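Colleague: I'm new to reading protein models, and I'd like a close look at one part of this one. Could you take me through a sheet and whatever packs around it?

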Amino acid sequence: MGRKAKFGDDGAVKQIKGPGRKAKKQKPPKMLPGLPKLEGDDEPKKLSHRQKQRASRRTKKKEERKLIKKEKKKGVIRDDNVKNNNEESDATKNIKSEIVKQFSDSNSSWLKSKNSKSIIPEKDDDIESYDSDSDVDDENEKENGLESFDEDGLSDDDDYLAGTLDDVDSSNESGIEDTVLKNKKTSTKKRKAEESDDELLPIEKAAKKLKAAKKKEDAEANEEMKMQINVASQDVFVFPASDKIDEQIPIPEVEQRIKDILLVLSNFNKFREENRSRQEYTELLLKDLCTYFSYNTFLMEKMMHLFPLEDLMSFLEASETPRPVTIRTNSLKTRRRDLAQALINRGVNLDPIGNWSKVGLVVYNSTVPIGATPEYLAGHYMLQAASSMLPVMALAPQENEFILDMCAAPGGKASHIAAIMKNTGVLIANDVNKNRAKAVIGNFHRMGIANSVISTYDGRHIPQLFKNFDRVLLDAPCTGTGVISKDSGVKMSKDETDLQRCFTLQRELLLAAIDSLNFKSSTGGYLVYSTCSVLAEENECVIDYALKKRDVKLVDTGLSFGTEGFTNLRQHRFHPTMKLTKRFYPHTHNMDGFFVAKLKKFSNIIPKNDESEDNEEEIESNNVDTETTEVEDIVEKPVANIKKPKHGRGKNRVAKNK
């Protein structure tokens, strides 16, 4: 890292001291007189590869200029001008007309406009533009005796003369200068590419080759994709023969056939084949969807009945991808802003979950385990899905209330209720599974909840133990068709018997929850029913059953977003107020499939339908008949029904009765 020495100079220059000395370029060192010279000092130094390239370009430039000058001297251009004086080109006419327009007097023939543009560039920027190291290289070449000069007196900085009509005619008609300029531009581009390649490191050259290869592959892939799209758009779907329907085909072909069938069903009259019904296309679509998404036939039929064909594919594809990780801030211990700042400092990338929640945060990625941070262990937040916050928001618990969470495990919704109540009132957190109730205990201790009582009773027997609740939350057990992204086993394991068991249990739990409510409560009397299923049999059908069996009505959930519930679905006809319920889907709201309904109890009266009254009358008549027959049997045979006592005193009583 020394300075370049200049040997053979007399004297040494003293360095100037002062401010700004290091900012200036250091001069080469001067050797003291009398020092011995190194061997090979008089010989010229070898040129670098770049200096040789510059020297060769200068020589080519000189030769080109000599050729142009010789041709001008010979008069080739002048002879051509004389021959073509009468036939002016269109370009010259346009230029002359522009000059005449710019000057109104007779001096327009010899005056030059200030704003006129030259046809031939005055200076070739591509040739004269060098990089930042050009000055240094020129100085080195001058030192080595390679200073360039023009033998004919033309310097490197001479500009081409332009702006007159004679120059324009001569350059355009001869075509020599134009070709020279084009050749120069192409050569400069090649030269720049070569220089850039020479300056790159080997690893940079390899990266450049990889980028070029990738670009080529992408272009080929795009062309192939366009060809496939054109072929697909041109081909018409042909329904397979009956013997080939059951044959197994590759997954890409299954996907393409699904798209074709959806296209046919979207405009059935236009694209269908003759003598083919819609049912045949639908059955083939059902088979392909079961193959492509790995569903059983029963569950896929339910999905096809639930969604239109446009939304069916979106729902099935969204159910395959996991939902974003969300957390809920524990308002008993911290605020959302402070928690977010603490997690960001630990390397967690997060944002507020939305305008609808004041405690939710969505986590995009994290450098630390989100379930093992000091903040989590201290109970500052709870790992909870976004859809699980909605039932508690619909319930809207108040302070100092008596509230029941009938299916509380693992404690996410129950802890949310306790946080909104600010540890006041009484919260009964019940779950029939004792092992899952242990998770509720652990989460309550970690979150600092002190107003709860944890029980493990069967929810159907709750009215016999607890009554007069102000509010009840029932997150009923279900098939889990809304959380397939978390448990993909649902797609093949659930069948009709599982569905029937679920909605039967849900009806019993819902009626028990309504019976445990206090309709005279000044602040409450509300019940929220929710499931993580999208099937109507577990949602609207259960609510419609409760509306017929108890004196309750549907009220607004208070949620600002969500899809309205079904009032009619295929053969089902539900209560008109069912539109007050809310549905949430993964493909529209980016959260787990969920259903939320809010009921208000008005009295303890149990409405009786005609069928139920008839059944009750039949049961009562049967009971009366059995009672009369039993009495007659007792009257006819009184002694036979009395057991003979073994003791003596008993024998005397029997004898006295006789």
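**The sheet and its surroundings**

Modeller: Let's start wide: of the contacts in the protein between residues at least 6 apart in sequence, 73% join residues at least 24 apart. Keep in mind that this is a predicted model. The protein has 25 helices and 15 strands, and buried residues make up 34% of its 658 residues.

Now for the sheet. It is an open one of 4 strands, paired in the antiparallel sense, and their order is 2-3-1-4. Strand 2 (348-352) and strand 4 (381-383) sit at the edges with a single partner strand each, so one side of each has no neighbour in the sheet. Going from one strand to the next, the twist averages 35°.

Zoom in on one pairing: strand 1 (residues 325-329) and strand 3 (residues 360-366) are antiparallel and share 4 bridges. If you want a spot to click on, try Ile327, whose bridge partner in strand 3 is Leu361.

What packs on the sheet? Helix 14 (residues 336-345) does, touching strand 1, strand 2, strand 3 and strand 4. Its direction makes about 155° with that of strand 2. Helix 18 (residues 434-447) lies across strand 1 and strand 4, and runs at about 155° to strand 4.

While you have the model open, follow the chain past the sheet to a couple of loops. The loop between strand 5 (402-405) and helix 17 (412-421) holds Pro410, and the peptide bond leading from Ala409 to Pro410 is cis, with omega near 0°. On the other side of helix 17, in the loop between that helix and strand 6 (426-430), you'll find Lys422. Lys422 has a positive phi, near 60°, in a residue other than glycine. Is Lys422 buried or exposed? Its relative accessibility is 55%, so Lys422 counts as exposed.

You can compare that with Ser294, in the loop between helix 11 (278-293) and helix 12 (297-306). Ser294 isn't a glycine, yet its phi is positive, at about 65°. With 39% relative accessibility, Ser294 counts as partly exposed.

One last stop, for helix against helix. Helix 21 (residues 496-515) and helix 22 (residues 540-549) pack at about 40°, their axes 10 Å apart. That angle makes helix 21 oblique to helix 22, and the crossing of the two is right-handed. Helix 21 brings residues including Phe503, Leu510 and Ile514 to the contact, while helix 22 brings Val542, Ile543 and Tyr545 among others. The residues of this contact divide into 9 nonpolar, 1 polar and 2 charged.

Methods:
Residues are numbered from 1 along each chain as its sequence is written. This is a predicted model: local features need pLDDT of at least 70, side-chain atom pairs count only at pLDDT 80 or more; totals for chains, interfaces and linings use all residues. Side-chain values use heavy atoms; hydrogens and water are left out. Two strands pair if DSSP finds at least two bridges between them. Axes are lines fitted to C-alpha atoms, for helices over the stretch in contact, and angles run from 0 to 180 degrees between N-to-C directions. Contact means heavy atoms within 4.5 Å. Angles under 35 degrees count as roughly parallel, over 145 as roughly antiparallel, 65 to 115 as roughly perpendicular and the rest as oblique. A crossing is left-handed if the near helix is turned anticlockwise from the far one by less than a right angle, and right-handed if clockwise. Ala, Val, Leu, Ile, Met, Phe, Trp, Tyr, Cys and Pro count as nonpolar, Asp, Glu, Lys and Arg as charged, and the others, Gly among them, as polar. Buried means under 20% relative accessible area, exposed over 50%, partly exposed in between (1.4 Å probe, protein chains only).
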